[in-house]
Amino acid sequence: MSSKKFSEWAKKEISKSGPLRLSKAISAALIHPDFGYYYSKEIIGSRGDFITAPEVSQMFGELVGAFLAYIWDVSGKPSNSLFCEFGPGRGTLSADIYSALAQISPQFSCSPLHLIETSTSLRDIQKTTLRGQTVYWHDDFKEIPNQPLFAVANEFFDALGVNQAIFDGTNWRHRLLDFDTQFELITGPILKAAELEAFNVIALKNQKKGIIIEYSPKAVQISTEIALHIKEFGGAFLIIDYGKTNQMGDTIQAVSNHKPVDPWSNAGNADISHWVDFDCIRRASKNAGARFVGPVSQSQFFTQIGIKQRAEMLASSEHPEINRALFAAVDRLISPAHMGNLFQVGLIIPAGEGLPPGFQAE
Ligand code: SAH
């Protein structure tokens, strides 16, 4: 909303307690109630700063709905199931999921909808998109009732913030946000034993001077909470995000008006995000006693669960322009040149065997 307000906040914090952890700075830039970026009105969509998969095509949500309906089915159709979306943006994904469920799984479509959303202005947009439907909003996952949970998060984990560490040739040190005449990233204190463990330094093969690694404390906290919930009460959590399976590199980036910009001088005014480390989510899920499946590419997942067949079903012989738009959307979602390989899909489910559709070996 305002990079000036972020700047004032950050300078005050820095003068009070020293250079900032990056996860704290990112969270403030995105979800601080006074100036957080997600509180501005038009951020997602062609008139906003970036477009997400559910905004590309209804097929994205319909297929996610069909997938979760299948998992619900093979889980024994628990009658008291809840449906939950994390970081629903404009509410488009949940709306498309429910319209698919109404057709293919009417019983499951009666499950109440819970949305995890901190932004009051996005809640207003979601209210409009999802009018006619009973919705329960929450600031965080702790408020979710103890019942079987079928959940999805698209481009949510990439907004949770990361901390960074840099290797100085001998030790790993924190990489922190400081302000002198402008914002700058500085090398801070040496990581303590627990921090080295959190960054999973042990998994690094060769440590060269200058290497940067990342770790998202909130991603671990949230995936642990959900994995514990699913282990105890059943269900499934589908995670879709751009990411990889290691902690390597400085992946923090910012986008404004569909173009890359410097994160810190635009903080509050731009969408700051980072790559998701799916290995870290896998470790957290397993430590909590649940199972993590994948990640596989968005291309593999949606091809295997039938996006091309769905596009053919929706195609109309009378309206060639509709068909062109449909197949262009499929291409955008699954081709490696667009979102197909960059985006990954992972699944948290109770311990067990076998691979659901979407995740089977090619
Ligand atoms: N899933 C949507 C929007 C992605 S943008 C889509 O695909 O279009 C990220 C979303 O996560 C926004 O709704 C934002 O307000 C929400 N969000 C970000 N950080 C959050 C946090 N810590 N807690 C709850 N919601 C958060």
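Strands are DSSP runs of E of at least two residues, numbered from the N terminus. The model described here is predicted. One such strand, β15, contains P295. The peptide bond that leads from G294 into P295 is cis, with omega near 0 degrees. Most peptide bonds are trans.

Strand β15 (291-297) is also part of the surroundings of helix α9, since its residues are among those that cover the buried side of the helix. Helix α9 spans residues 278-287, and F278, C280, I281, A284 and S285 are buried in it. These residues lie on the same side of α9 because they cover an arc of only 155 degrees around the axis. An α-helix has 3.6 residues a turn, so residues three or four places apart point the same way. Besides β15, the elements covering the buried residues of α9 include α8 (217-233), β10 (235-244), β14 (276-277) and β16 (343-349). On the face turned away from the buried side, α9 carries K286 and N287, which are exposed.

The two ends of α9 can be described in turn. At the N-terminal end, D277 acts as a cap, with a side-chain oxygen 3.0 Å from the backbone nitrogen of D279. Just after α9, G289 takes a positive phi of about 95 degrees.

Strand β6 comprises residues 163-167 and is mostly covered, five of its five residues being buried. In a regular strand the side chains alternate between the two faces of the sheet. In β6, N163, A165 and F167 point one way, whereas Q164 and I166 point the other way, and all are buried. Strand β6 is paired with two strands. Four bridges join β6 to β9 (residues 212-215), and the two strands run antiparallel. In this pairing, A165 stands opposite I213 of β9. Four bridges likewise join β6 to β7 (residues 172-179), again in an antiparallel arrangement. Here I166 stands opposite R173 of β7. Strands β6 and β7 form a hairpin with four residues between the strands, and in this hairpin G169 has a positive phi near 105 degrees.

Positive phi values also occur at two asparagines. Most residues other than glycine have a negative phi. N200 is not a glycine, yet its phi is positive, at about 55 degrees. N200 lies in the loop between α7 (193-198) and β9. The relative accessibility of N200 is 15%, and this residue therefore counts as buried, the cut-off being under 20%. N257, likewise a residue other than glycine, has a positive phi near 50 degrees. N257 is located in the loop between β11 (253-256) and β12 (259-261). With a relative accessible area of 47%, N257 is partly exposed.

The ligand is surrounded by 19 residues, of which T52, G87, G89, E117 and N154 come nearest. Polar contacts to the ligand involve both side-chain and backbone atoms of the protein. The side chain of T52 places an N or O atom 2.5 Å from an oxygen atom of the ligand. A polar backbone atom of G89 is 3.0 Å from an oxygen atom of the ligand. For N154, a polar backbone atom is 2.7 Å from a nitrogen atom of the ligand. On its own the ligand has 570 Å² of accessible area, and the protein covers 97% of this area.

Notes: Residues are numbered from 1 along each chain as its sequence is written. This is a predicted model: local features need pLDDT of at least 70, side-chain atom pairs count only at pLDDT 80 or more; totals for chains, interfaces and linings use all residues. Side-chain values use heavy atoms; hydrogens and water are left out. Buried means under 20% relative accessible area, exposed over 50%, partly exposed in between (1.4 Å probe, protein chains only). The arc is that of the directions from the helix axis to the C-beta atoms. Contact means heavy atoms within 4.5 Å. A polar contact is a pair of N or O atoms within 3.5 Å; within protein, one must be able to donate a hydrogen and the other to accept it, and residues adjacent in sequence count only if both atoms are side-chain atoms. A residue is near a molecule or strand if one of its heavy atoms lies within 4 Å of it. Accessible areas come from the Shrake-Rupley method with a 1.4 Å probe; for residues, only the protein chains shown count as cover. Two strands pair if DSSP finds at least two bridges between them.
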